[in-house]
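Welcome! Let us take a walk through this structure together, one part at a time.

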Amino acid sequence: MGLIHIELFATLDLVGQAPGGPDEDPEGFPFGGWQAPLLDETAGEQIGAAYEGTDALLLGRRTYDIFAAYWPHQKGGPDNEIATLFNSVPKYVASRGTPDLPWAGSTQLGPDLADAVREIRGRHEHVKVVGSLDLVQSLLREKLFDRLDLWVHPIVLGVGKKVFDGGAVPTNLTLLQPPAAGPKGAVYLRYALGEGTPATGDMSAPDRGLGPDA
């Protein structure tokens, strides 16, 4: 069975809206492209490594439209390696409408997201979810993912769509490797979906040595 692998960029207050450019999701959001000034060589290397082995993309409609207008035209350019990958692998698009899908290798998912994800898992080894915040929120809420790469950037925006807006559920995650930080302050956290739900405890319990006499 394959892995559903989310690649997500967020601010310190977990805004994940429109990191790539001002026209990505402009309605009511004045900070489109907030990630660009914070990119550095370390981040570029980590992001590039995260795509190794990717054999399919799972995208929301808005991200698909942005990618379809850009990546087919980047062959031979500075982003040729990613362009070659994105253009060659199958693209699965989550949409409630009837979108035009001109990018070669594109397929619209069926109406049942859980069934569609299970089918994709059975067909591919490493399915990457990029951007697609509305889709990501559904995958997180339904626990329809296996890995979460979260880039946390050292800015607070105060406005915008947040990663866990609308219906987050109690979930355990397991850190897969030590956090990596770039020179501009972005921190890379790589998690796997854990089992069960978060436990609770009592910090003043005697066996923790945190009571009034500690």
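Ala-18 is a good place to begin: with a relative accessible area of 3%, Ala-18 is buried, because buried means under 20%. You will find Ala-18 in the loop between β1 and α1. Its backbone deserves a look too, since Ala-18 is not a glycine and yet has a positive phi of about 45°. Leu-14 sits in the loop between β1 and α1 as well. Leu-14 is likewise not a glycine, and has a positive phi of about 65°. With a relative accessible area of 27%, however, Leu-14 is partly exposed.

Before going further, please keep in mind that this is a predicted model. The mean pLDDT of the chain is 90, and 96% of its residues reach 70 or more. Where in the chain is confidence lowest, and where is it highest? Helix α1 (residues 41–50) has the lowest confidence, at a mean of 77, while strand β7 (residues 173–175) has the highest, at 97.

Now follow the chain back to strand β1, which spans residues 3–11. Eight of the nine residues of β1 are buried, so this strand is largely enclosed by the rest of the structure. Which strands does β1 pair with? One of them is β5, with which β1 pairs in the parallel sense over five bridges. Here His-5 stands opposite Lys-128 in β5. Another partner is β6, which runs parallel to β1 and is joined to it by seven bridges. Along this pairing, Leu-8 faces Leu-150 in β6, and Thr-11 stands opposite His-153 in β6.

Strand β6 takes up residues 147–153, and six of its seven residues are buried, so that the strand is mostly covered. β6 also pairs with strand β9 (residues 187–193), this time in the antiparallel sense, over six bridges. Look for Trp-151, which stands opposite Tyr-188 in β9. As a general point for reading such strands, the side chains of a regular strand alternate between the two faces of the sheet.

Beyond β6, the loop between β6 and β7 holds Val-156. Is Val-156 buried or exposed? At 58% relative accessibility, Val-156 counts as exposed. Leaving aside its neighbours within four places in sequence, Val-156 is in contact with Leu-12 and Asp-13. The C-alpha atoms of Val-156 and Ala-10 are separated by 9.7 Å, although these two residues are 146 residues apart along the chain.

Let us turn to the helices, starting with α1. Ala-43, Ile-47 and Ala-50 are buried in α1. Why do these three belong together? They cover an arc of only 55° around the axis, which puts them on the same side of α1. On the other side of α1, Glu-41 and Glu-45 are exposed. The buried residues of α1 pack against β1, β5, β6 and β9, which brings us back to the strands we have just visited.

Helix α2, made of residues 61–70, has buried residues of its own: Thr-63, Tyr-64, Phe-67 and Ala-68. These cover an arc of only 130° around the axis, which puts them on the same side of α2. What covers them? The cover includes the strands β2 (56–60), β3 (91–94), β4 (106–108) and β5 (126–130), along with the helix α3 (80–88).

Thr-63 leads us on to Ser-132, with which Thr-63 is in contact. Ser-132 lies in the loop between β5 and α5 (133–141), and at 6% relative accessibility it counts as buried. Leaving aside its neighbours within four places in sequence, Ser-132 is in contact with Leu-58, Leu-59 and Gly-60 as well as Thr-63.

Our last stop is an empty space. Rolling a probe the size of a water molecule over the atoms shows where empty space is left. How many cavities of 30 Å³ or more does the structure hold? There is one. The largest cavity has a volume of about 40 Å³. Its lining is made up of Gln-137, Leu-140, Arg-141, Val-163, Phe-164, Asp-165, Gly-166, Gly-167 and Ala-168.

Methods:
Residues are numbered from 1 along each chain as its sequence is written. This is a predicted model: local features need pLDDT of at least 70, side-chain atom pairs count only at pLDDT 80 or more; totals for chains, interfaces and linings use all residues. Side-chain values use heavy atoms; hydrogens and water are left out. Buried means under 20% relative accessible area, exposed over 50%, partly exposed in between (1.4 Å probe, protein chains only). Helices (H or I, at least four residues) and strands (E, at least two) are DSSP runs, numbered from the N terminus. The arc is that of the directions from the helix axis to the C-beta atoms. Contact means heavy atoms within 4.5 Å. Two strands pair if DSSP finds at least two bridges between them. pLDDT is the predictor's confidence in each residue, from 0 to 100. On a 1 Å grid over the protein atoms alone, a cavity is a set of points where a 1.4 Å probe fits but cannot get out, and a pocket is an open set with protein on both sides within 12 Å along at least five of seven lines; lining residues have an atom within 4 Å of a point. Grid points are joined across faces, edges and corners, and a volume is the space filled by probe spheres set on the points.
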